[in-house]
Amino acid sequence: ERVTEAMFLVLVVEDDRDISAVLRTLLEAEGYRVAVADCAERGLREARGHRPDLMLLDLGLPDRDGQSVIREVRVFSPLPIIVLSARTMEAERIAALDAGADDYVTKPFSSRELLARVRAALRRAARTGGQPSLLKIGQLDVDFAQRQAQGPGGPVHLTPLEFRVLECLVRAHGLIVTRDHIIGEVWGPDRVGDTRNLRVYVKLLRQKIEPEPDRPRFLLTEAGVGYRLEVD
Ligand code: CA
């Protein structure tokens with residue numbers, strides 16, 4: 001029996017039947033198996049019973065709020081959770097990430113973006129703990145083991161703090177990392193909430209990584225929430 005992407009089971013927890021039908025069509029066309037639950041209680045039952053590889057969770061469910069669903073799933077499973085939320089609900093998205101969600105997609109979503117997030121989340125789940133030591137990030141070839149970087153014009157110096165910010169983003173494999181998470185890991189938990197240093201370091205990193213630092217394509221800002229790193 002071959003184990004391929006076709007074996008991945010995606011659990012969609014969404015009460016809007018039009019949206020869950022679109023998601024089912026989209027995901028099945030990519031070879032995923034799909035289960036749909038139309039409320040939080042059914043979603044939790046399916047998550048326990050069928051052991052899905054990934055959960056797509058609508059934050060606007062009729063019976064429970066999304067954060068409590070995420071916290072309950074986290075008690076018994078590390079499965080990747082991507083939340084679906086309205087574009088305007090920024091505080092809700094941050095709360096979902098804090099509760100243990102891995103990423104979010106805003107509605108109305110683009111199918112290309114949604115599938116990219118699903119792939120990234122499954123990739124990260126498959127690689128827990130492992131991190132490639134050589135990585136191409138924008139115009140840099142970064143060697144995390146040797147703490148060296150090469151740009152188009154030769155060696156590029158990255159400071160230890162710049163390396164730590166990058167590592168934090170690399171570990172997320174293309175998923176979002178909240179500002180507080182990065183600050184807590186790089187500067188320490190007592191600095192959480194103070195975003196000035198992080199903004200400075202993101203700017204410095206962009207000058208080294210991005211071909212056009214004012215139009216970032218690799219180190220991306222997720223407004224009001226955090227950052228994500230697009231890597232090859
Ligand atoms: Ca809903």
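## A pocket, a calcium site and salt bridges

The second largest pocket holds about 310 Å³ of space. This is a predicted model, in which local features need pLDDT of at least 70 and side-chain atom pairs count only at pLDDT 80 or more, while totals for chains, interfaces and linings use all residues. Residues are numbered from 1 along each chain as its sequence is written, and side-chain values use heavy atoms, with hydrogens and water left out.

**The pocket and its lining**

Rolling a probe the size of a water molecule over the atoms shows where empty space is left. Here a pocket is found on a 1 Å grid over the protein atoms alone, as an open set of points where a 1.4 Å probe fits, with protein on both sides within 12 Å along at least five of seven lines; lining residues have an atom within 4 Å of a point. Its volume is the space filled by probe spheres set on the points, which are joined across faces, edges and corners.

The lining of the second largest pocket has 13 residues, and Ala116, Arg117, Arg119, Arg123 and Glu230 lie nearest the centre. Helix 5 gives the most to this lining, with eight residues. Helices (DSSP runs of H or I, at least four residues) and strands (runs of E, at least two) are numbered from the N terminus. By type, the lining divides into five nonpolar, two polar and six charged residues. In this count Ala, Val, Leu, Ile, Met, Phe, Trp, Tyr, Cys and Pro are nonpolar, Asp, Glu, Lys and Arg are charged, and the others, Gly among them, are polar.

**Salt bridges**

Arg117 leads us from the pocket to the charged pairs, since Asp103, Glu113, Arg117, Glu222 and Arg228 are linked in a network of salt bridges. A salt bridge is a side-chain nitrogen of Lys or Arg within 4 Å of a carboxyl oxygen of Asp or Glu. The whole structure has 21 salt bridges, and the table shows three of them.

| Pair | Closest N to O distance |
|---|---|
| Asp38 and Arg17 | 3.2 Å |
| Asp103 and Arg117 | 3.8 Å |
| Glu167 and Arg147 | 3.1 Å |

Asp103 sits in strand 5 (residues 103-107) and Arg117 in helix 5 (residues 111-126), so their pair links parts of the chain 14 residues apart. Asp103 is buried, with a relative accessible area of 0%, and Arg117 is buried as well, at 9%. Buried means under 20% relative accessible area, exposed over 50%, and partly exposed in between (1.4 Å probe, protein chains only).

The pair of Asp38 and Arg17 joins other elements. Asp38 lies in the loop between strand 2 (33-37) and helix 2 (40-50) and Arg17 lies in helix 1, so this salt bridge ties together parts that are 21 residues apart in sequence. Asp38 is partly exposed at 23%, whereas Arg17 is exposed at 61%.

In the pair of Glu167 and Arg147, Glu167 belongs to helix 6 (residues 160-171) and Arg147 to the loop between strand 7 (140-143) and strand 8 (148-151), 20 residues apart. Glu167 is buried, with a relative accessible area of 14%, while Arg147 is partly exposed at 39%.

**The calcium site**

Three protein donors hold positions 2.3 to 2.4 Å from the calcium ion: Asp15 (OD), Asp58 (OD) and Gly60 (O). Asp15 is in the loop between strand 1 (9-13) and helix 1 (17-29), and Gly60 is in the loop between strand 3 (54-58) and helix 3 (66-76), so the pair ties together parts that are 45 residues apart in sequence. Along the chain, the donors follow the spacing D-x42-D-x1-G. For calcium, donors are N, O and S atoms within 3.2 Å (also the limit for Na and K, with 2.8 Å for other metals); water is not among the atoms, so sites may look incomplete. Asp15 is partly exposed, with a relative accessible area of 32%, and Gly60 is partly exposed at 46%.

**Backbone details**

Most residues other than glycine have a negative phi, and most peptide bonds are trans. Against that background, a few places in this model are worth a look. Lys107 and Pro108 are joined by a cis peptide bond, with omega about -5°. Pro108 lies in the loop between strand 5 and helix 5.

Arg147, the salt-bridge partner of Glu167, has a positive phi near 55°. His173 also has a positive phi, about 50°, although it is not a glycine. His173 is found in the loop between helix 6 and strand 10 (177-178) and counts as buried at 7% relative accessibility.

**Cysteines**

With a disulfide taken as a pair of cysteine sulfur atoms within 2.5 Å, the count comes to zero. Cys39 is buried at 13% relative accessibility, and Cys168 is buried at 5%.
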